[in-house]
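Q: I'm new to this structure and would like a close look at a single part of it. Please take the places where side chains come together, and walk me through them without rushing.

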Amino acid sequence: MPGQERSASRGYDIIGDIHGCAHTLVRLLDQMGYRKVNGVYEHPRRQAIFIGDIIDRGPRIREALHLVRDMVEHGSARMVMGNHEYNALGYCTRARPGSGKTFLREHNARHDRLIRETLEQFEHYPHEWNEFLEWFYTIPLFIDEPDFRAVHACWDSDLITKFKENQGGACIDDEFLHASAAIESFAGQVMDTLLRGTDLRLPPGVKITGKD
Ligand SMILES: [Mn+2]
């Protein structure tokens, strides 16, 4: 298998949440010795592993998505899904009739705000945005190699083993996306745990207030 041959001789650069900061990403890749060859960043020996959350918040979401997808398609990078890509799929996918919802992820003030920059920056490129949504389905939730593992938030061995058995791989499909809208379902637990993480109780008397 070429992928495994590569993994044995190759080093990896793990790159976290880009959140639309394409310029910063370009600077980072330059500093790490990646070069643009025929329009796509690559490294002579190394492979970038993007651990999700390319979209939302930043000023150059579209550019960041193009850069990363080009690298993944070229084989100079791999990627696992972040909660923001998953949220975008839910936000943009209509719920089935009779489910009592219009979209899988409710269009409320908080959800609208989280995805606002992404939708604004794709306002004049709706076809491209749909292509990226289709591409999100091809992004695995986790990478499980003999020499390393990657996941966006939390590696839960039991959930991952069961997911592989059920799905026959590391990717979700439309059916799984719909099922995951119910947080208490198996699909809901997989997406919540692997992509959003697990909860820890704070020590007595300690309080943290999020900006939401
Ligand atoms: Mn995240």
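A: Let's start with a yardstick: a residue is buried when its relative accessible area is under 20%, exposed when that value is over 50%, and partly exposed in between. Keep in mind that this is a predicted model.

Now try the yardstick on a charged pair. Arginine 35 and aspartate 30 bring their side chains together in a salt bridge, with 3.7 Å from N to O. Aspartate 30 has 36% relative accessibility, so it counts as partly exposed. Arginine 35 comes out at 48%, so that residue is partly exposed too.

That pair has company, as the count of salt bridges comes to ten. Another one joins glutamate 145 to arginine 78, where the closest N and O atoms are 3.2 Å apart. Here the two partners come from distant parts of the chain, 67 residues apart: arginine 78 belongs to strand S5 (residues 77-79), while glutamate 145 sits in the loop between strand S6 (142-144) and strand S7 (149-151). What about the surroundings of glutamate 145, buried or exposed? Its relative accessible area is 16%, so glutamate 145 is buried.

Next comes arginine 149, which makes a salt bridge with aspartate 144; their closest N and O atoms lie 3.5 Å apart. Arginine 149 is exposed because its relative accessible area is 52%, whereas aspartate 144, at 33%, is partly exposed. Elsewhere, Arg96, Asp174 and Glu175 are joined into one network by salt bridges that share partners.

Side chains also meet at a metal. Which residues hold the manganese ion? Asp53 (OD), Asn83 (OD1) and His152 (NE2) coordinate the manganese ion, at 2.2 Å. Along the chain, these donors are spaced as D-x29-N-x68-H. Aspartate 53 is in the loop between strand S4 (46-50) and helix H3 (61-74), and asparagine 83 is in helix H4 (residues 83-92), so this pair ties together parts that are 30 residues apart in sequence.

The yardstick works at the metal as well. Aspartate 53 is buried because its relative accessibility is 2%, and asparagine 83, at 16%, counts as buried as well.

So, to pull the picture together with two examples: aspartate 30 in its salt bridge is partly exposed, because its accessibility is 36%, whereas aspartate 53 is buried at 2%.

Key. Residues numbered from 1 in each chain as written. Predicted model: local features only at pLDDT ≥ 70, side-chain atom pairs only at ≥ 80, totals over all residues. Heavy atoms only, no water. Donors = N, O, S within 2.8 Å, 3.2 Å for Na, K, Ca; no water. Helix = DSSP H or I, 4+ residues; strand = E, 2+ residues; numbered from the N terminus. Buried < 20%, exposed > 50% of the residue type's maximum accessible area, 1.4 Å probe, protein only. Salt bridge = Lys/Arg side-chain N within 4 Å of Asp/Glu carboxyl O.
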